[in-house]
Amino acid sequence: MNYEHFERYRDIIDDFHAFMDCLKRQVKYSIRANTILAKPEDVFSALEEKGFVLRKIPLHPRVPAAVIVDMCAAPGSKTTEIAQIIQNEGTIIAIDSSAPRIKALVSNIQRMCSSSVVVIHRDARYTKGLEGIADKVLLDAPCSSESTIRKGVDVKLSEDIIRKMSALQKSLIRAAHRILKDDGIMVYSTCTFAPEENEEVVDYAINIGFEVEKVSLPLRYENGVEEWNGKTYDSSVRNIARVYPHLDDTGGIVIARLRKVSD
């Protein structure tokens, strides 16, 4: 595992030693009860009878029924969770460009009875027919996947990969701007810690017509960074939530909530 790569974040993570120690431990498993098909208490009881030790985590937000676009949807864990949250009242457009991953997406949608989901097989950067359709967008963007190192995945990590991912993410941000209605909300997230793929991308989003809103999570997190490698970002990037693995023994994720500014 290329743990030396993470030295680049020493100056922006307060307890860097705890962060590094956590990266070297296997991440804990999480289970989501699908309330479309079962009551959570029944699922928990069945698992506890099999010897599992469970702890409830209140993560579900409220999402009013609307048109929601999941731009990089496969294999569908977040797509089906959104369907569960809205109890299939509304429309979810799930987009992905990978044929094998689309098969997994469709399989999971059917398995989870997510009847509110429409699947589109295409590169999400191409938005013909979808302009101005979405009340909300989820862009869980392709990234350098640094945090997956806790899953035992030997991720190829380099600054060249980070730069390429940043360019792709910015092109997806442009597409999201076209898809959203004025005043629509986008959640942008990655499973990487690189400011080039997070604050820099959000700073780019601000420049094309988004504003950053404060993220509220039932987890401990740190704010976004305003400066990195000689670059200074818009001060509102501090509203980004950086969920580091060592704070609550989770996987790592960075989340931003963006609103499309009306023309």
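Me: Which residues make the nonpolar surface patch of about 260 Å²?

Reply: In this predicted model, the patch is made by Ile31, Phe52 and Leu54. Phe52 belongs to the loop between helix H2 (40-49) and strand E1.

Me: Why is Phe52 called partly exposed?

Reply: The relative accessible area of Phe52 is 43%. Buried means under 20% and exposed means over 50%, with partly exposed in between; Phe52 is therefore partly exposed.

Me: What makes strands E1 and E2 a pair, and in which sense do they run?

Reply: Pairing requires at least two bridges. Strand E1 (residues 67-70) and strand E2 (residues 91-96) have 4 bridges, in the parallel sense. Within this pair, Val69 stands opposite Ile93 of E2. With helix H3 (residues 77-85), E1 and E2 make a right-handed β-α-β unit.

Me: How do you know that E1 also pairs with strand E4?

Reply: The cut-off is again at least two bridges, and E1 pairs with E4 (residues 134-140) over 3 bridges in the parallel sense. Here Ile68 faces Lys136, a residue of E4.

Me: How many salt bridges does a search of the whole structure find?

Reply: The search finds 20 salt bridges. Side chains of opposite charge can pair when their charged atoms come close.

Me: What makes the contact of Glu213 with Arg259 a salt bridge?

Reply: The closest N and O atoms of Glu213 and Arg259 are 2.5 Å apart, and the cut-off is within 4 Å. Glu213 lies in strand E6 (residues 210-213) and Arg259 in strand E11 (residues 253-260), so this salt bridge ties together parts that are 46 residues apart in sequence.

Me: Why is Glu213 called buried?

Reply: Buried means under 20% relative accessible area. Glu213 has 18%, so Glu213 is buried.

Me: How do you know that Arg220 and Asp248 form a salt bridge?

Reply: Their closest N and O atoms are 3.5 Å apart, which satisfies the requirement of being within 4 Å. Arg220 is in the loop between E6 and strand E7 (222-223), while Asp248 is in helix H7 (residues 245-248), so the pair ties together parts that are 28 residues apart in sequence.

Me: Are Arg220 and Asp248 exposed or partly exposed?

Reply: Exposed means over 50% relative accessible area. Arg220, at 53%, therefore counts as exposed. Asp248 has 28% and is partly exposed.

Me: What makes Arg238 and Glu226 a salt bridge?

Reply: Their side chains meet at 3.8 Å, N to O, and the cut-off is within 4 Å. The pair links distant parts of the chain, 12 residues apart: Arg238 is in the loop between strand E9 (231-232) and strand E10 (241-243), and Glu226 is in the loop between E7 and strand E8 (227-228). Arg238 counts as partly exposed at 38% relative accessibility, and Glu226 is partly exposed at 27%.

Me: How many disulfides does a search of the whole structure find?

Reply: The search finds 0 disulfides. A disulfide is a covalent bond between the sulfur atoms of two cysteines. The sulfur of Cys22 is 15 Å from the closest cysteine sulfur, in Cys191, which is too far for a bond.

Me: Why is Cys143 in no disulfide?

Reply: The cut-off for a disulfide is within 2.5 Å. The nearest cysteine sulfur to that of Cys143 belongs to Cys191 and is 3.5 Å away, so the requirement of being within 2.5 Å is not met.

Me: Are Cys22 and Cys143 buried or exposed?

Reply: Buried means under 20% relative accessible area. Cys22 counts as buried at 1%, and Cys143 counts as buried at 12%.

Note on methods:
Residues are numbered from 1 along each chain as its sequence is written. This is a predicted model: local features need pLDDT of at least 70, side-chain atom pairs count only at pLDDT 80 or more; totals for chains, interfaces and linings use all residues. Side-chain values use heavy atoms; hydrogens and water are left out. Helices (H or I, at least four residues) and strands (E, at least two) are DSSP runs, numbered from the N terminus. A crossover is right-handed if, with the strands pointing away from the viewer, the path from the first strand over the helix to the second runs clockwise. Patches are made of residues with over 30% relative accessible area and no salt bridge: like charges are joined within 9 Å, nonpolar side chains (Val, Leu, Ile, Met, Phe, Trp, Tyr) within 5 Å. Accessible areas come from the Shrake-Rupley method with a 1.4 Å probe; for residues, only the protein chains shown count as cover. Buried means under 20% relative accessible area, exposed over 50%, partly exposed in between (1.4 Å probe, protein chains only).
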